[in-house]
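Colleague: I am new to this model and would ask you for a close look at a single part of it, namely the place where two helices that follow each other in sequence pack together. Please describe how they are arranged, which residues are involved, and what surrounds them.

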Amino acid sequence: MLHLPARHARTADRLAETYRQLGLICPALTVSQVDRAPADGQDWIPADRLASAVDRLVDGESARIRARHGAAPRPHVAASRLLHHYLWTSSLLISGVWYLERRVPVLPARDLWIAAESGDFALRPGAWELGDEADVRDAVAAHVGPVLAAFQPYVRRGPRALWGMATDDLVSGIWYLGRMLDQEDRAVAVAGALVPADTPPWTGPAGFRRENGAWTRTRQGCCLYYAVDPANPCGTCPRRTAA
């Protein structure tokens, strides 16, 4: 168990409970909570060592895509799909807690692990602080900035395109959480305020609009899902708009 001073232990417990609630609300969030580095036999890679392990992570994603879709993806496609998965998950671990509690978790890279084989995550809860939209953006940017740099040679995109991916995943995590809570209108408003225009390095605005009575938006970047499942591109895929 965690051995922390009483005040810090209470804070960690409250944050852990909020993460538990977030996991129950969001079935797509594949994260377990731990109090130390996972040791279950999987190849768990701490986020602060991603740069030296991207090859292994991309190989794992390629194997999962091949198992699901029957064909091996090109390396940059597998890297893009894995980066999208990482950005969406890590962003929601911060923004989701803030959406529920208006507190911003501290998420050091050393306290988040990803398993190369499964793509699952493990998290060691720490501290959180009251914060506003700018605090959320700063916290997410601090965590994902080094991740984008580590993946850039593999996904073959420039910095602006990568921050466009990060913006999309920050926005879509909040949107997904709102839908799961039957609060889509609120989530769209929150995401719009969280990612307005002119907040570099974020490439906002969130850009929601109504189409046929439903909320939608067009991604600023591409997660390359169409490259592994051409018949079912994402509903927010830029290629749909182009078509």
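Modeller: The crossing of H5 and H6 is right-handed, and I should say at once that the model in which it is found is a predicted one. In general, two packed helices are described by the angle between their axes and the distance between the axes. For the pair in view, helix H5 spans residues 159-180 and helix H6 residues 184-194, and they pack at an angle of about 160° with their axes 7 Å apart. Angles over 145 degrees count as roughly antiparallel, and H5 and H6 are therefore roughly antiparallel to each other. On the side of H5, the contact is made by Leu-170, Val-171, Ile-174, Trp-175, Gly-178 and Arg-179. H6 contributes Glu-184, Ala-187, Val-188, Val-190, Ala-191 and Leu-194. By class, nine of the residues in this contact are nonpolar, one is polar and two are charged.

One of the residues that H5 brings to the contact, Arg-179, deserves a further word. Arg-179 belongs to helix H5 and counts as partly exposed, because its relative accessibility is 37%. Although Arg-179 and Cys-26 are 153 residues apart in sequence, their C-alpha atoms are 9.6 Å apart in space.

The turn from one helix to the other comes next. Asp-182 is placed in the loop between H5 and H6. Most residues other than glycine have a negative phi. Asp-182 has a positive phi, near 60°, and is not a glycine. With a relative accessible area of 74%, Asp-182 is exposed.

H6 itself presents a buried side. Ala-187, Val-188, Val-190, Ala-191 and Leu-194 are its buried residues. These residues cover an arc of only 165° around the axis, so they lie on the same side of H6. The partners against which the buried residues of H6 pack are helix H3 (75-101), helix H4 (133-155), H5 and strand E8 (214-216). H5 is thus one of several elements that meet this side of H6.

Two of those partners, H3 and H4, also pack against each other. The axes of H3 and H4 come within 10 Å and cross at roughly 165°. H3 is therefore roughly antiparallel to H4, and the crossing in which H3 passes H4 is right-handed. From H3 come His-76, Ala-79, Ser-80, Leu-82, Leu-83, Tyr-86, Leu-87, Ser-90, Ser-91, Ile-94, Ser-95 and Trp-98. These meet Glu-133, Val-136, Ala-139, Val-140, His-143, Val-144, Val-147, Leu-148, Phe-151, Tyr-154 and Val-155 of H4. The contact of H3 with H4 has 16 nonpolar residues, six polar ones and one charged one.

H3 has a further residue to consider, Thr-89. At 0% relative accessibility, Thr-89 counts as buried, because the limit for that class is under 20%. Neighbours within four places in sequence aside, Thr-89 is in contact with Leu-29, Val-31 and Phe-121. Ahead of H3, Gly-70 lies in the loop between helix H2 (54-69) and H3. Gly-70 counts as exposed, with a relative accessibility of 65%. The C-alpha atoms of Gly-70 and Val-228 are 9.4 Å apart, while the two residues are 158 places apart in sequence.

It remains to follow the chain beyond H6. Asp-198 is found in the loop between H6 and E7, and it has a positive phi of about 65° although it is not a glycine. Asp-198 counts as exposed, because its relative accessibility of 74% is over 50%. Most peptide bonds are trans. The bond from Pro-200 to Pro-201, however, is cis, with omega near 5°. Pro-201 lies in the loop between H6 and strand E7 (209-211). The peptide bond from Gly-204 to Pro-205 is cis as well, with omega near 15°, and Pro-205 is likewise placed in the loop between H6 and E7.

To return to your request, the part in view is a roughly antiparallel pair of helices, H5 and H6, in a right-handed crossing, and the buried residues of H6 pack against H3, H4 and E8 as well as H5.

How values were computed:
Residues numbered from 1 in each chain as written. Predicted model: local features only at pLDDT ≥ 70, side-chain atom pairs only at ≥ 80, totals over all residues. Heavy atoms only, no water. Axes fitted to C-alpha atoms, helices over the stretch in contact; angles between N-to-C directions. Helix = DSSP H or I, 4+ residues; strand = E, 2+ residues; numbered from the N terminus. Parallel < 35°, antiparallel > 145°, perpendicular 65-115°, else oblique. Left-handed = near helix turned anticlockwise from the far one by under 90°. Contact = heavy atoms within 4.5 Å. Nonpolar A, V, L, I, M, F, W, Y, C, P; charged D, E, K, R; others polar. Buried < 20%, exposed > 50% of the residue type's maximum accessible area, 1.4 Å probe, protein only. Arc of directions from axis to C-beta.
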